[in-house]
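Q: Could you take a close look at one part of this protein, the loops and their unusual backbone geometry, and explain it for someone who has not seen the structure before?

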Amino acid sequence: MNVACSQFVAHPTGLSLTLTLNEIIAGQTARRAESDPMTSWLSSASRSKPNVLFLLVDDFRPFLRSYGESFMVTPNIDQLASKSVRFDRAYAQQAVCVPSRLSFTTGRRPLTLKVLDLKTYWRDPVRGGGNFTTLSQYFQQNGYVSHGAGKIYHNGKGGGDHNSVEQQDREKRSASYIYVNETATEKLKDTLVTDHAIRWLENRDTQKPFFLAVGFSKPHLPFAFPQKFLALYDETNIQLAKYRTPPAGLPRFVLNSWGELRGYADIKALGLASNELVLPDDVQFKLKQAYAAAVTHVDDQVGRLLSRLSELGLTNNTIITFISDHGL
Ligand SMILES: [Ca+2]
């Protein structure tokens, strides 16, 4: 199954970025021609080992203005995209968190990892595919300090390869698929994750380059965001999907029965039969509106993080990647 997801890599000079992992770590560009502007950037002694900021968003389809969705309000990610190499054919290896995330953090296919579900532990010598090195481990082994904030793997299934800090997930207890609430004393999870990432940047070991992975939990269900973002989307800019019923003759097994969504009280209250796959139009509207608001909430956090990165004078020596595990 191929599921499109957003993916791009930002580089401070805005140049085309086709570096290999080893070129980044080695801090040398011997294989590149001197006339290559990327070479001169990397050849600078002070920039011999650039930092890497790895931004990861959960269940995120490319609902971005920079991906052609003109109704979206995503100024911070769009600005990042404008300075980045944008990938228009990025596909998830599997449409659930664990195999998708393990695939791009180990560089191996789910079938190699022997992980296609949310339960299998990949380092398990019996059931898993092998004790492979992850991206953050590889950086650590090559002179970097690696750190994780928020959801990088799924339920800690990375195997403790870096010092990852999770944050409380207050909204997960919500009875509704929409959680609109944030105050100064009751912050949403992605706000707390961003707070943590900023504190870590401020207090990091400056003697080493860093690999910092920041995993945002939205726009995964339940859709959580401050109220002000919901007001950005209404009947004037939210349109329902053109095709909202399965094509005639489509095999049943290819359809998603949206089991997770059915667990929320307000969806249960609709009294839909288990074989009913089409939600009422008003619910579809609310879902799309809330999803868009949750994306804008993530965009807001990305903006906070990148602003602090700039204030700390790190932007010009940090490669920023932005990736999702799969769409929704
Ligand atoms: Ca996911």
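A: Helices and strands are here DSSP runs, of at least four residues for a helix and at least two for a strand, numbered from the N terminus. In this predicted model, the protein has 10 helices and 11 strands, and the loop to begin with is the one between strand S9 (210–216) and strand S10 (223–225), where Pro219 lies. The peptide bond between Lys218 and Pro219 is cis, with omega about 15°. Pro222 also has its place in the loop between S9 and S10, and the bond that leads to Pro222 from Leu221 is cis as well, with omega near -15°. As background, most peptide bonds are trans, and most residues other than glycine have a negative phi.

Positive phi values can be seen in other loops. Asp59, in the loop between strand S3 (51–57) and helix H3 (75–82), has a phi near 55°, although Asp59 is not a glycine. Asp59 counts as buried because 22 C-beta neighbours lie inside 10 Å, where 20 or more are required.

Trp258, for its part, is found in the loop between H8 and H9, and its phi is near 40°, again positive in a residue other than glycine. Trp258 counts as partly exposed, because it has 14 C-beta neighbours inside 10 Å. Ala241 is placed in the loop between helix H8 (227–230) and helix H9 (265–268), and Ala241 counts as exposed because it has 8 C-beta neighbours inside 10 Å. The C-alpha atom of Ala241 is 9.9 Å from that of Asp281, a residue 40 positions away along the chain.

Conventions:
Residues numbered from 1 in each chain as written. Predicted model: local features only at pLDDT ≥ 70, side-chain atom pairs only at ≥ 80, totals over all residues. Buried ≥ 20, exposed ≤ 12 C-beta atoms within 10 Å, placed from the backbone.
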